[in-house]
Amino acid sequence: MESVVHIIVAVLLLTGGFFVFVGSVGLLKLPDFFTRLHAPTKATTMGIGAILLASMVLTTMRDGHLSIHELVISLFLFITAPVSAHMLAKAALHRRVKFLDHSKNAQLAARAAEQKTPE
C-alpha cells in the first residue's frame, strides 16, 4: 500500500514540476505582456496545485489523518491567481501596453485606445 502511495505522489510531483516548468518557459519565451501573463497564471497554478496535492497525500499517509493545510493553500492560490492576473491585465490596458501586431486582440487594442484614461 505504501509503494502505491509513493507512486501516486511521484506522478503528482512530476506532473506539477512539468506544469511549473512550462509556465516558467512561457513567461520567458512568449512575445508580449498579455501572452506572458497567461503562462504563469494557468500552467503554474496547475503545477503548484499538483505539488500541494502530492504533499497532502504524503502527509495524510504519514500522519494517519487528513492534512488540510495544503488544501487551504491550494484554495487560496486558485482564488488569488486569476484575480491578480485580471488586475495586471486591466492595469496594462489602462497603461496602453502594446499588443502583438498579429494578435487577435487588435480590436480590443483599438477600443482601449479610444477610451480616455481616468484622471
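**Close-up views of a predicted helical model**

**View A. Residues 6–28, a stretch that is helix throughout.** In this predicted model, residues 6–28 are 100% helix and 0% strand, and the C-alpha atoms at the two ends lie 33 Å apart. The unreviewed UniProt entry lists this stretch as a "transmembrane region", along with residues 40–59 and 71–89.

**View B. Helix 2, its length and its kink.** Let's follow helix 2 along residues 33–63. Its 31 residues, at 1.5 Å a residue, should span 45 Å, and the end C-alpha atoms are 44 Å apart, so the two values agree. Look for the kink of about 25° centred on T44. After helix 2 comes G64, with a positive phi near 90°.

**View C. Residues 71–89, the last of the annotated stretches listed by UniProt.** Here, too, the chain is 100% helix and 0% strand, with 28 Å between the end C-alpha atoms.

**View D. Helix 2 against helix 3.** Helix 3 covers residues 69–94, and its axis runs 9 Å from that of helix 2, at an angle of about 175°. The two helices are therefore roughly antiparallel. On the helix 2 side, the contact residues include F33, L37, T41, T45, I48 and L52, while helix 3 contributes, among them, E70, I73, L77, A81, A85 and L88. Sorted by character, the contact has 16 nonpolar residues, six polar and one charged.

Notes
Residues numbered from 1 in each chain as written. Predicted model: local features only at pLDDT ≥ 70, side-chain atom pairs only at ≥ 80, totals over all residues. Heavy atoms only, no water. Helix = DSSP H or I, 4+ residues; strand = E, 2+ residues; numbered from the N terminus. Expected span 1.5 Å × (residues − 1). Bend = angle between axes of the 7 residues up to and from the residue. UniProt positions renumbered as here; feature names shortened; annotations may be inferred. Axes fitted to C-alpha atoms, helices over the stretch in contact; angles between N-to-C directions. Parallel < 35°, antiparallel > 145°, perpendicular 65-115°, else oblique. Contact = heavy atoms within 4.5 Å. Nonpolar A, V, L, I, M, F, W, Y, C, P; charged D, E, K, R; others polar.
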